[in-house]
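Please give a short report on the structure below. Start with a single residue and its contacts, then widen the view to the core, the pocket and the whole protein.

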Amino acid sequence: MRPDAPRPAASDLGIELERLRAMARCEWRVREQSSLFGFLWTLLQPLLLFLVLLLVFTRWLGPRSPDFPAQLLIGVVHYGFFSSATLYACTALRRRRGIVLNFPVPCELIVLSSVFSVAASFLLELAVLAPIIAALGHPPTWSWVAVPFIAGMLVVGVAGLCLALAAVGARFPDFERVWAIAVQAGFFLTPVFYRMSDVSPSHQHLIGLNPLARLIETARVALLYGRLPDAGGAALGAAAAAALAAAGWALFRSQRAHYGDDVAV
């Protein structure tokens with residue numbers, strides 16, 4: 001093709017994906033994670049939480065299972081991503097009101113770029129998690145191939161939830177505080193520092209309604225006990241993540257005509 005020849009127009013999808021990549025990269029830099037020290041500070045928060053909980057449950061509350069440190073670390077990393085991504089999404093549109101009000105950028109890209117910037121940290125944390133799990137007495141097995149699939153389901157489902165939360169957060173400025181309380185409560189209602197088998201069967205049923213609880217338990221089984229998730233459970237988890245993503249997308253798009261007015265207030 002000659003240099004002065006017209007180039008074929010890029011597809012709309014390609015343009016939007018490039019925008020999303022650029023905005024996610026910008027969010028990454030804003031969160032000071034474009035440098036090694038920025039990422040280390042981000043990693044320090046879940047590590048400190050892990051150390052505090054490990055101290056409380058192993059030194060102060062008596063002996064625990066030999067697998068408890070590894071189980072706890074897996075729970076902290078996965079719930080940390082859920083907490084950070086959803087709280088960050090609540091203020092995504094208001095935080096970027098200048099873009100919402102002045103540029104013809106689809107608002108969903110603003111939210112998803114926030115989610116994916118946190119997801120990038122989550123994936124790096126999983127990479128750091130792997131050698132720690134091995135050092136705790138659980139060397140890699142063939143079942144570890146399921147971990148990217150489990151992480152993908154979590155990211156897809158959380159992205160859908162974040163779209164819904166961003167829509168509510170744009171309308172109600174104080175919603176982030178309400179959601180922060182819900183996230184704190186969810187920490188105790190999700191098997192982060194315990195296993196589902198540690199609670200009574202009736203409570204196991206209630207906790208099992210939480211998709212995040214099942215994903216954490218599935219990740220533990222794959223990383224620690226060398227077992228792949230059963231096909232039926234994996235298909236159900238993938239369907240639940242896709243359904244949550246579709247519902248969040250539909251809700252977000254249904255309110256898109258109001259975002260400019262919402263964030264201008």
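His-78 is in contact with Phe-122, Leu-126, Leu-154, Ile-216 and Ala-219, leaving aside neighbours within four places in sequence. Contact here means heavy atoms within 4.5 Å. His-78 sits in helix H3. His-78 is buried, with a relative accessible area of 2%. Buried means under 20% relative accessible area, exposed means over 50%, and partly exposed lies in between, with a 1.4 Å probe and protein chains only.

This is a predicted model, in which local features need pLDDT of at least 70 and side-chain atom pairs count only at pLDDT 80 or more, while totals for chains, interfaces and linings use all residues. Residues are numbered from 1 along each chain as its sequence is written, and side-chain values use heavy atoms, with hydrogens and water left out.

**Whole protein**

The protein has 12 helices and 0 strands. Helices (H or I, at least four residues) and strands (E, at least two) are DSSP runs, numbered from the N terminus. Of the 265 residues in the protein, 43% are buried. The exposed surface comes to about 14300 Å², and carbon and sulfur atoms supply 68% of it. Such areas come from the Shrake-Rupley method with a 1.4 Å probe; for residues, only the protein chains shown count as cover. Take the contacts between residues at least 6 apart in sequence: 77% of them join residues at least 24 apart.

**Core**

In soluble globular proteins, nonpolar side chains tend to be buried together. The largest nonpolar core here has 73 residues. Such a core is a set of buried Ala, Val, Leu, Ile, Met, Phe, Trp, Tyr and Cys residues joined through side-chain atoms within 4.5 Å. Helix H7 gives the most to this core, with 15 residues. Among the residues with the most contacts inside the core are Leu-72, Phe-81, Leu-93 and Phe-122. Beyond its neighbours within four places in sequence, Leu-93 is in contact with residues including Val-100, Cys-107, Ala-166, Phe-252 and Val-263.

**Pocket**

The largest pocket holds about 940 Å³ of space. On a 1 Å grid over the protein atoms alone, a pocket is an open set of points where a 1.4 Å probe fits, with protein on both sides within 12 Å along at least five of seven lines; lining residues have an atom within 4 Å of a point. Its lining counts 39 residues, and Asn-210, Pro-211, Leu-212, Arg-214 and Leu-215 lie nearest the centre. Helices H3 (68-90), H7 (146-171) and H10 (211-224) are among the elements that give two or more residues to this lining. By type, the lining divides into 25 nonpolar, 10 polar and 4 charged residues.

**Three more residues**

The table gives C-alpha separations for three pairs.

| Residue | Partner | Apart along the chain | C-alpha separation |
|---|---|---|---|
| Ile-207 | Pro-191 | 16 residues | 8.1 Å |
| Ala-243 | Gly-160 | 83 residues | 8.4 Å |
| Arg-97 | Cys-107 | 10 residues | 10.0 Å |

Ile-207 belongs to helix H9. Ile-207 counts as buried because its relative accessible area is 12%. Residues up to four places away aside, Ile-207 touches Leu-189, Pro-191, Tyr-194, Met-196, Val-199 and Ala-213.

Ala-243 lies in helix H11. At 45% relative accessibility, Ala-243 is partly exposed.

Arg-97 is found in helix H5 (residues 97-102). Arg-97 is also partly exposed, at 36% relative accessibility. What does Arg-97 touch, not counting residues up to four places away in sequence? Arg-97 touches Val-263 and Val-265.

Conventions: Grid points are joined across faces, edges and corners, and a volume is the space filled by probe spheres set on the points. Ala, Val, Leu, Ile, Met, Phe, Trp, Tyr, Cys and Pro count as nonpolar, Asp, Glu, Lys and Arg as charged, and the others, Gly among them, as polar.
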